[in-house]
Amino acid sequence: MRDKELPECVAPHADQFQLNLSADESTSLDSENLLNMIETPDVPRNSDQEKVIPVEPLIELVVKFFVRKGMFEVEAEMAAKRLVESDLRGVQSHGTRRVKLYLDAMDTGDIDPRAAALTIFETPAMAVMEGSRGLGPVGATKAMQLAIKKAREVGTGTVAVKKGHHFGAAAVYVQLAIEAGMIGFCTTSTGPATVAAYGSKQPATANNAFAWGAPVREGAPFILDMSCARSSWGKIESLGLYGEMLPDGWALDGEGNATNDPAAAKTLFPAAGARGFGLAFLCSILAGPLVGRKMPLHKTRSPMFEASDHFFYAIDIEQFGEPDRFYSEMESTMSEIREMPPEEGFDKVRLPGEMEWERAQQWKEQGVPLHLDHVKMLEEIAASMKYDVPW
């Protein structure tokens with residue numbers, strides 16, 4: 001590597017492992033560099049800035065918010081569950097912290113609280129849905145449910161959604177496939193380009209999130225949930241909320257200068273250079289031109305106002321004929337990896353998604369810690385609607 005720079009491990013979607021190469025992309029990693037990898041930073045946490053909120057009352061309150069704006073209760077509950085599932089994974093930036101933005105978008109007409117997610121074309125194995133600018137987690141949940149249904153019938157199911165809305169965290173949708181005993185994938189394309197092209201400082205693609213998930217018979221499933229830049233914008237926001245600065249090499253300000261200030265960040269560098277840039281471009285294809293929609297470079301408004309497009313895929317393990325061998329091989333491999341000796345600075349070796357699964361199991365029982373500003377926002381919405389806060 002140039003000047004013997006070390007690879008930097010970051011968590012691009014606030015919850016997953018991603019290797020970022022700040023040096024020459026054509027140089028492969030050697031064993032010395034791998035042994036000097038630093039610990040993957042977790043989402044920002046500070047108990048002095050947080051309040052623990054019980055999970056079920058949180059879901060119930062968010063449902064009330066959405067119903068007050070005109071949503072059907074069953075769809076309000078669907079959306080609230082996806083957002084709180086993101087909170088439980090530690091990705092509050094994509095969970096109930098989004099509620100006020102969603103409610104404000106309903107007030108301005110950018111989200112239709114009673115929009116119907118319509119299937120406009122389908123075959124036994126695929127479908128195209130129109131999100132009709134409804135609340136993102138609703139259309140996304142229905143799309144993955146349809147992909148699962150088709151996979152159950154023919155082996156795989158693919159559903160693309162156009163004219164939807166920001167859907168939050170990608171992991172919660174592949175979790176639906178996992179719960180059905182399937183491998184799941186999803187990706188999304190929201191607002192305009194905010195991630196630099198590899199070799200440029202100019203934004204060329206969006207910070208597309210994608211997730212892959214695979215089931216196991218018990219314990220933490222495999223879930224890789226990441227954005228294609230060195231961080232998600234949600235994590236940039238979280239770092240600012242907790243009073244932390246950005247690591248070097250993540251972001252540029254509006255003048256194209258490197259910045260460590262979350263509030264000044266306007267453009268992000270792609271994760272792992274050309275690799276992240278290529279992944280972002282591919283995700284934009286699947287959640288864009290595939291169904292006649294724009295690439296991020298041709299979008300002009302923010303994710304809250306620009307219609308979003310999504311892509312969902314489910315694989316039914318049963319229909320590939322070897323489910324028992326699948327699970328045995330998955331579980332033995334994952335167990336062997338976990339038993340590997342951790343490098344200095346790591347408490348244990350984990351697989352992608354394991355840390356979030358452990359956190360969710362604990363917080364389901366103990367309550368989810370939310371930043372005090374996050375809690376205040378929810379309390380202010382409740383007060384404006386004359387609802388009692390259930391904590």
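These legends accompany close-up views of salt bridges in a predicted model.

**Figure 1. Glutamate 50 and arginine 45 form a salt bridge.** Here the closest N and O atoms of the two residues are 2.8 Å apart. The partners sit in unlike surroundings: glutamate 50 is buried, with a relative accessible area of 11%, whereas arginine 45 is partly exposed at 37%.

**Figure 2. A salt bridge joins glutamate 130 and lysine 163.** The closest N and O atoms of this pair are 4.0 Å apart. Glutamate 130 belongs to strand 5 (residues 126–130) and lysine 163 to strand 6 (residues 156–164), so the contact ties together parts that are 33 residues apart in sequence. Take a look at the accessibility too: glutamate 130 counts as buried at 18%, because the cut-off for buried is under 20% relative accessible area. Lysine 163, by contrast, is partly exposed, with a value of 35%.

**Figure 3. Arginine 217 meets glutamate 331 across a long stretch of sequence, 114 residues apart.** Their side chains form a salt bridge with an N to O distance of 2.9 Å. Arginine 217 lies in the loop between strand 10 (209–214) and strand 11 (222–227), while glutamate 331 is found in helix 9 (residues 323–338). Both ends of this bridge are partly exposed, arginine 217 with a relative accessible area of 47% and glutamate 331 with 23%.

**Figure 4. Six residues share a network of salt bridges.** The members to find in this view are Arg338, Asp347, Lys348, Arg350, Glu354 and Glu358. For context, the count for the model comes to 22 salt bridges.

Note on methods:
Residues numbered from 1 in each chain as written. Predicted model: local features only at pLDDT ≥ 70, side-chain atom pairs only at ≥ 80, totals over all residues. Heavy atoms only, no water. Buried < 20%, exposed > 50% of the residue type's maximum accessible area, 1.4 Å probe, protein only. Helix = DSSP H or I, 4+ residues; strand = E, 2+ residues; numbered from the N terminus.
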